[in-house]
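Reader: Please take a close look at one part of this model. I want the helix packing first, then the sheet.

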Amino acid sequence: MPADMPIFVPAFAKINLTLAVLGRRSDGYHELASVMQTVSLYDTLRIAPRAEGALTCATDLPELDIPDNLALRAAHLAQATTTTLIGADIELHKEIPVQAGLGGGSSDAAAVLAALNALWGLRLPTARLEQVSATLGSDVPFFVRGGTALVSGRGERVHALPDAEALWFVLVQPPVRVATRAAFQALAPADVAASDPHTPAIVAAIRRGQPLPLDQLANTLELPVLRSYPVVARTRALLLAAGAPQARVSGSGPTLYAPFRTLAEAAALLARVRQEGMLARLCRSVSRLEVMHSRSLAPIAPPRAG
Ligand code: C5P
(Lines give C-alpha, C1' and ligand atoms only; values in the text may rest on other atoms or scores of the structure.)
Protein backbone atom coordinates (compact mmCIF):
# COMPACT_ATOMS: atom_id res chain seq x y z
CA MET A 1 0.00 0.00 0.00
CA PRO A 2 1.50 3.39 -0.95
CA ALA A 3 2.30 5.47 2.16
CA ASP A 4 0.05 8.34 1.05
CA MET A 5 -3.11 6.22 0.57
CA PRO A 6 -6.03 7.12 2.87
CA ILE A 7 -7.02 4.49 5.41
CA PHE A 8 -10.24 3.70 7.24
CA VAL A 9 -9.99 3.00 10.98
CA PRO A 10 -12.81 1.99 13.36
CA ALA A 11 -12.95 3.58 16.84
CA PHE A 12 -14.81 1.12 19.08
CA ALA A 13 -17.08 2.09 21.99
CA LYS A 14 -16.57 0.64 25.49
CA ILE A 15 -18.76 -0.44 28.32
CA ASN A 16 -17.78 -0.60 31.99
CA LEU A 17 -18.29 -4.11 33.36
CA THR A 18 -17.51 -2.58 36.75
CA LEU A 19 -16.84 1.00 37.81
CA ALA A 20 -16.05 1.66 41.46
CA VAL A 21 -15.56 5.22 42.68
CA LEU A 22 -13.20 4.85 45.63
CA GLY A 23 -12.95 8.48 46.77
CA ARG A 24 -12.30 12.07 45.81
CA ARG A 25 -8.74 13.18 45.12
CA SER A 26 -7.05 16.47 45.95
CA ASP A 27 -6.84 17.31 42.19
CA GLY A 28 -10.66 17.27 41.90
CA TYR A 29 -10.79 13.92 40.11
CA HIS A 30 -12.06 10.68 41.66
CA GLU A 31 -10.04 7.55 42.30
CA LEU A 32 -11.48 4.68 40.22
CA ALA A 33 -11.25 0.94 39.71
CA SER A 34 -13.01 -0.21 36.55
CA VAL A 35 -13.03 -3.16 34.17
CA MET A 36 -13.58 -1.83 30.67
CA GLN A 37 -14.45 -3.77 27.52
CA THR A 38 -14.46 -2.63 23.89
CA VAL A 39 -17.67 -3.44 21.98
CA SER A 40 -18.66 -3.57 18.32
CA LEU A 41 -20.38 -0.18 18.09
CA TYR A 42 -17.88 2.09 16.33
CA ASP A 43 -17.18 5.45 14.76
CA THR A 44 -15.28 5.40 11.47
CA LEU A 45 -12.26 7.56 10.68
CA ARG A 46 -10.82 8.12 7.23
CA ILE A 47 -7.28 9.42 7.49
CA ALA A 48 -5.33 10.74 4.51
CA PRO A 49 -1.74 11.87 5.09
CA ARG A 50 -0.65 15.13 3.44
CA ALA A 51 2.87 16.25 2.66
CA GLU A 52 2.73 19.60 4.38
CA GLY A 53 1.98 19.59 8.11
CA ALA A 54 -1.62 20.88 8.07
CA LEU A 55 -4.27 18.96 10.04
CA THR A 56 -7.99 19.04 9.27
CA CYS A 57 -10.95 17.14 10.72
CA ALA A 58 -14.41 17.05 9.13
CA THR A 59 -17.29 15.25 10.85
CA ASP A 60 -20.91 14.44 10.07
CA LEU A 61 -21.97 15.74 13.50
CA PRO A 62 -21.96 19.55 13.23
CA GLU A 63 -21.48 20.07 16.97
CA LEU A 64 -18.09 18.31 16.67
CA ASP A 65 -16.84 20.65 13.94
CA ILE A 66 -14.87 22.58 16.52
CA PRO A 67 -11.14 23.18 16.98
CA ASP A 68 -10.98 21.24 20.23
CA ASN A 69 -12.60 18.16 18.74
CA LEU A 70 -10.73 15.30 20.47
CA ALA A 71 -9.76 13.59 17.19
CA LEU A 72 -8.10 16.79 15.96
CA ARG A 73 -6.44 17.38 19.33
CA ALA A 74 -5.04 13.84 19.16
CA ALA A 75 -3.53 14.57 15.73
CA HIS A 76 -1.91 17.77 17.05
CA LEU A 77 -0.59 15.77 20.01
CA ALA A 78 0.95 13.18 17.66
CA GLN A 79 2.71 15.98 15.77
CA ALA A 80 3.89 17.75 18.93
CA THR A 81 5.21 14.53 20.48
CA THR A 82 7.42 13.75 17.50
CA THR A 83 8.00 17.02 15.58
CA THR A 84 6.95 15.24 12.38
CA LEU A 85 6.39 17.49 9.36
CA ILE A 86 3.61 15.32 7.92
CA GLY A 87 -0.05 16.36 8.20
CA ALA A 88 -3.39 14.65 7.72
CA ASP A 89 -6.96 15.16 6.57
CA ILE A 90 -9.32 13.30 8.90
CA GLU A 91 -12.98 12.51 8.33
CA LEU A 92 -15.01 11.25 11.28
CA HIS A 93 -18.32 9.45 10.86
CA LYS A 94 -20.09 9.23 14.22
CA GLU A 95 -22.14 6.21 15.21
CA ILE A 96 -21.38 6.20 18.95
CA PRO A 97 -23.80 8.56 20.72
CA VAL A 98 -22.05 11.51 22.43
CA GLN A 99 -22.13 12.04 26.20
CA ALA A 100 -23.52 8.56 26.54
CA GLY A 101 -20.99 6.76 28.78
CA LEU A 102 -19.58 4.79 25.84
CA GLY A 103 -16.27 6.64 25.50
CA GLY A 104 -16.83 7.69 21.88
CA GLY A 105 -14.75 10.88 21.89
CA SER A 106 -11.94 9.18 23.81
CA SER A 107 -11.93 6.25 21.40
CA ASP A 108 -11.79 8.57 18.37
CA ALA A 109 -8.74 10.26 19.92
CA ALA A 110 -6.93 7.00 20.65
CA ALA A 111 -7.69 5.63 17.17
CA VAL A 112 -6.27 8.80 15.56
CA LEU A 113 -3.11 8.57 17.70
CA ALA A 114 -2.58 4.88 16.94
CA ALA A 115 -3.36 5.24 13.23
CA LEU A 116 -1.11 8.28 12.73
CA ASN A 117 1.66 6.50 14.64
CA ALA A 118 1.52 3.79 11.98
CA LEU A 119 0.67 5.98 8.97
CA TRP A 120 3.38 8.56 9.67
CA GLY A 121 5.93 5.90 10.67
CA LEU A 122 6.42 7.51 14.10
CA ARG A 123 7.29 4.20 15.82
CA LEU A 124 6.09 5.41 19.25
CA PRO A 125 5.75 2.37 21.56
CA THR A 126 2.24 1.56 22.78
CA ALA A 127 3.19 2.48 26.36
CA ARG A 128 4.24 5.95 25.15
CA LEU A 129 0.95 6.38 23.26
CA GLU A 130 -0.94 5.48 26.43
CA GLN A 131 1.14 7.94 28.44
CA VAL A 132 0.74 10.95 26.13
CA SER A 133 -2.94 10.21 25.44
CA ALA A 134 -3.84 10.72 29.12
CA THR A 135 -3.57 14.49 28.57
CA LEU A 136 -6.60 14.25 26.23
CA GLY A 137 -8.91 12.65 28.82
CA SER A 138 -9.00 10.02 31.56
CA ASP A 139 -10.48 7.30 29.30
CA VAL A 140 -8.21 7.76 26.30
CA PRO A 141 -5.29 5.48 27.35
CA PHE A 142 -7.65 2.47 27.63
CA PHE A 143 -8.61 2.82 23.97
CA VAL A 144 -5.00 2.71 22.73
CA ARG A 145 -5.14 -1.09 23.06
CA GLY A 146 -8.78 -1.72 23.96
CA GLY A 147 -9.99 -5.27 24.60
CA THR A 148 -10.52 -6.00 28.30
CA ALA A 149 -8.57 -3.97 30.87
CA LEU A 150 -8.54 -2.99 34.51
CA VAL A 151 -8.18 0.78 34.76
CA SER A 152 -7.31 2.71 37.91
CA GLY A 153 -6.15 6.11 39.10
CA ARG A 154 -8.42 8.71 37.50
CA GLY A 155 -8.86 6.16 34.70
CA GLU A 156 -5.52 6.70 33.00
CA ARG A 157 -3.67 3.71 34.51
CA VAL A 158 -4.37 0.72 32.27
CA HIS A 159 -3.63 -2.89 33.13
CA ALA A 160 -4.39 -5.11 30.16
CA LEU A 161 -6.29 -8.29 31.08
CA PRO A 162 -6.86 -11.44 29.03
CA ASP A 163 -9.99 -11.01 26.90
CA ALA A 164 -13.11 -11.46 29.02
CA GLU A 165 -15.75 -14.02 28.02
CA ALA A 166 -17.19 -12.97 24.65
CA LEU A 167 -20.77 -11.73 25.17
CA TRP A 168 -23.65 -10.13 23.29
CA PHE A 169 -24.87 -6.81 24.64
CA VAL A 170 -28.16 -5.01 24.13
CA LEU A 171 -27.40 -1.29 24.45
CA VAL A 172 -30.33 0.99 25.27
CA GLN A 173 -30.18 4.77 24.85
CA PRO A 174 -32.39 6.82 27.20
CA PRO A 175 -33.23 10.19 25.55
CA VAL A 176 -30.90 12.33 27.64
CA ARG A 177 -27.22 13.33 27.66
CA VAL A 178 -25.02 13.18 30.74
CA ALA A 179 -21.80 15.17 31.10
CA THR A 180 -19.19 13.06 32.91
CA ARG A 181 -18.42 15.92 35.27
CA ALA A 182 -22.12 16.24 36.25
CA ALA A 183 -22.37 12.52 37.08
CA PHE A 184 -19.32 12.72 39.38
CA GLN A 185 -20.63 15.93 40.98
CA ALA A 186 -23.97 14.29 41.75
CA LEU A 187 -22.28 11.55 43.82
CA ALA A 188 -23.38 11.61 47.47
CA PRO A 189 -20.89 10.58 50.16
CA ALA A 190 -23.05 7.52 50.87
CA ASP A 191 -22.69 6.35 47.23
CA VAL A 192 -18.94 5.93 47.60
CA ALA A 193 -18.30 2.50 49.10
CA ALA A 194 -15.33 1.94 51.38
CA SER A 195 -14.50 -1.26 49.51
CA ASP A 196 -15.26 -2.70 46.09
CA PRO A 197 -15.81 -6.48 46.00
CA HIS A 198 -17.12 -6.43 42.40
CA THR A 199 -14.02 -5.46 40.43
CA PRO A 200 -11.79 -8.14 42.06
CA ALA A 201 -14.50 -10.78 41.45
CA ILE A 202 -14.76 -9.87 37.76
CA VAL A 203 -10.97 -9.63 37.35
CA ALA A 204 -10.45 -13.04 39.03
CA ALA A 205 -12.91 -14.71 36.64
CA ILE A 206 -11.22 -13.07 33.65
CA ARG A 207 -7.73 -14.11 34.77
CA ARG A 208 -8.93 -17.72 35.24
CA GLY A 209 -10.65 -17.71 31.84
CA GLN A 210 -14.01 -18.40 33.50
CA PRO A 211 -17.47 -17.19 32.51
CA LEU A 212 -18.13 -13.68 33.85
CA PRO A 213 -20.14 -13.66 37.11
CA LEU A 214 -22.83 -11.37 35.68
CA ASP A 215 -24.33 -10.69 39.13
CA GLN A 216 -21.07 -8.86 39.95
CA LEU A 217 -21.47 -6.20 37.23
CA ALA A 218 -21.64 -2.91 39.12
CA ASN A 219 -21.26 0.85 38.72
CA THR A 220 -21.02 3.44 41.51
CA LEU A 221 -22.03 6.23 39.08
CA GLU A 222 -25.32 4.43 38.37
CA LEU A 223 -26.72 5.71 41.69
CA PRO A 224 -26.38 9.47 40.99
CA VAL A 225 -27.37 9.00 37.33
CA LEU A 226 -30.61 7.13 38.21
CA ARG A 227 -31.42 9.78 40.84
CA SER A 228 -30.67 12.79 38.63
CA TYR A 229 -32.31 11.44 35.45
CA PRO A 230 -35.64 9.71 36.18
CA VAL A 231 -35.93 8.73 32.51
CA VAL A 232 -32.84 6.54 32.94
CA ALA A 233 -34.37 4.86 36.01
CA ARG A 234 -37.62 4.31 34.07
CA THR A 235 -35.73 2.88 31.09
CA ARG A 236 -33.79 0.51 33.35
CA ALA A 237 -37.03 -0.67 35.01
CA LEU A 238 -38.57 -1.29 31.55
CA LEU A 239 -35.48 -3.21 30.47
CA LEU A 240 -35.66 -5.48 33.52
CA ALA A 241 -39.44 -5.91 33.07
CA ALA A 242 -38.82 -6.88 29.43
CA GLY A 243 -36.72 -9.80 30.70
CA ALA A 244 -33.13 -8.54 30.90
CA PRO A 245 -31.49 -10.54 33.71
CA GLN A 246 -29.05 -7.65 34.28
CA ALA A 247 -29.13 -4.01 33.20
CA ARG A 248 -26.30 -1.66 34.13
CA VAL A 249 -25.43 1.93 33.31
CA SER A 250 -22.16 2.22 31.34
CA GLY A 251 -19.69 4.79 32.69
CA SER A 252 -21.37 8.07 33.54
CA GLY A 253 -24.39 7.04 31.47
CA PRO A 254 -27.05 7.26 30.36
CA THR A 255 -26.51 4.19 28.13
CA LEU A 256 -27.74 0.95 29.72
CA TYR A 257 -26.43 -2.44 28.73
CA ALA A 258 -27.80 -5.96 29.21
CA PRO A 259 -25.34 -8.86 28.69
CA PHE A 260 -26.25 -12.21 27.09
CA ARG A 261 -24.51 -15.49 26.28
CA THR A 262 -26.74 -16.41 23.34
CA LEU A 263 -27.82 -14.41 20.32
CA ALA A 264 -31.36 -15.81 20.64
CA GLU A 265 -31.82 -14.29 24.11
CA ALA A 266 -30.21 -10.97 23.12
CA ALA A 267 -32.27 -10.69 19.92
CA ALA A 268 -35.50 -11.50 21.80
CA LEU A 269 -34.84 -8.73 24.32
CA LEU A 270 -33.88 -6.31 21.53
CA ALA A 271 -37.21 -6.95 19.78
CA ARG A 272 -39.19 -6.45 23.01
CA VAL A 273 -37.50 -3.19 24.01
CA ARG A 274 -37.84 -1.81 20.48
CA GLN A 275 -41.55 -2.64 20.64
CA GLU A 276 -41.71 -0.49 23.79
CA GLY A 277 -40.28 2.39 21.73
CA MET A 278 -36.77 2.34 23.17
CA LEU A 279 -33.72 3.16 21.07
CA ALA A 280 -31.71 -0.05 21.27
CA ARG A 281 -28.96 -1.86 19.38
CA LEU A 282 -27.14 -5.16 19.57
CA CYS A 283 -23.37 -5.40 19.83
CA ARG A 284 -20.70 -7.83 21.03
CA SER A 285 -17.37 -7.86 22.84
CA VAL A 286 -14.38 -6.80 20.73
CA SER A 287 -11.03 -8.39 21.62
CA ARG A 288 -7.72 -6.53 21.96
CA LEU A 289 -6.37 -8.41 18.94
CA GLU A 290 -9.28 -7.15 16.84
CA VAL A 291 -8.63 -3.56 17.94
CA MET A 292 -4.90 -3.83 17.19
CA HIS A 293 -5.53 -5.49 13.80
CA SER A 294 -7.97 -2.75 12.84
CA ARG A 295 -5.11 -0.23 13.02
CA SER A 296 -2.30 -2.36 11.68
CA LEU A 297 -1.06 -1.01 8.38
CA ALA A 298 1.13 -4.02 7.64
CA PRO A 299 0.30 -5.16 4.11
CA ILE A 300 -1.99 -8.18 4.10
CA ALA A 301 -0.36 -11.00 2.15
CA PRO A 302 -2.11 -11.45 -1.23
CA PRO A 303 -3.63 -14.86 -1.83
CA ARG A 304 -1.10 -17.24 -3.38
CA ALA A 305 -1.57 -18.05 -7.02
CA GLY A 306 -2.06 -21.69 -7.98
O1 C5P B 1 -10.73 13.24 32.21
P2 C5P B 1 -12.00 13.72 31.58
O3 C5P B 1 -11.83 15.05 30.90
O4 C5P B 1 -12.65 12.72 30.70
O5 C5P B 1 -13.01 13.96 32.78
C6 C5P B 1 -14.15 14.76 32.68
C7 C5P B 1 -14.61 15.19 34.05
O8 C5P B 1 -15.11 14.07 34.79
C9 C5P B 1 -13.51 15.76 34.94
O10 C5P B 1 -13.36 17.14 34.73
C11 C5P B 1 -14.00 15.47 36.33
O12 C5P B 1 -14.96 16.42 36.72
C13 C5P B 1 -14.74 14.15 36.15
N14 C5P B 1 -13.90 12.99 36.51
C15 C5P B 1 -13.66 12.70 37.85
N16 C5P B 1 -12.88 11.62 38.17
C17 C5P B 1 -12.36 10.83 37.20
C18 C5P B 1 -12.58 11.12 35.84
C19 C5P B 1 -13.37 12.20 35.53
O20 C5P B 1 -14.14 13.41 38.75
N21 C5P B 1 -11.62 9.78 37.57
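Author: Here is the helix pair, followed by the sheet. This is a predicted model, where local features need pLDDT of at least 70, side-chain atom pairs count only at pLDDT 80 or more, and totals for chains, interfaces and linings use all residues. Residues are numbered from 1 along each chain as its sequence is written, and side-chain values use heavy atoms, with hydrogens and water left out.

Start with α1 (residues 70-82) and α2 (residues 104-119); helices are DSSP runs of H or I of at least four residues, strands runs of E of at least two, numbered from the N terminus. Their axes come within 8 Å and cross at roughly 30°. Axes are lines fitted to C-alpha atoms, for helices over the stretch in contact, and angles run from 0 to 180 degrees between N-to-C directions. The two helices are therefore roughly parallel (angle under 35 degrees). The crossing is right-handed, meaning the near helix is turned clockwise from the far one by less than a right angle.

Contact means heavy atoms within 4.5 Å. On the α1 side, L70, A71, A74, A75, L77 and A78 take part. They meet G105, S106, D108, A109, V112, L113 and L116 of α2. These residues divide into 10 nonpolar, 2 polar and 1 charged.

Now the sheet. It is open, with 4 strands in the order β9-β10-β7-β11 and antiparallel pairing (at least two DSSP bridges between two strands). β9 (248-249) and β11 (279-284) are the edges; each has a single partner strand, so one side of each lacks a neighbour in the sheet. β9 pairs with β10 (residues 256-260) over 2 bridges. There, V249 stands opposite L256. Helix α8 (residues 230-241) packs on this sheet, touching β7 (168-173), β9 and β10. Its direction makes about 20° with that of β10.

How values were computed: Parallel < 35°, antiparallel > 145°, perpendicular 65-115°, else oblique. Nonpolar A, V, L, I, M, F, W, Y, C, P; charged D, E, K, R; others polar.
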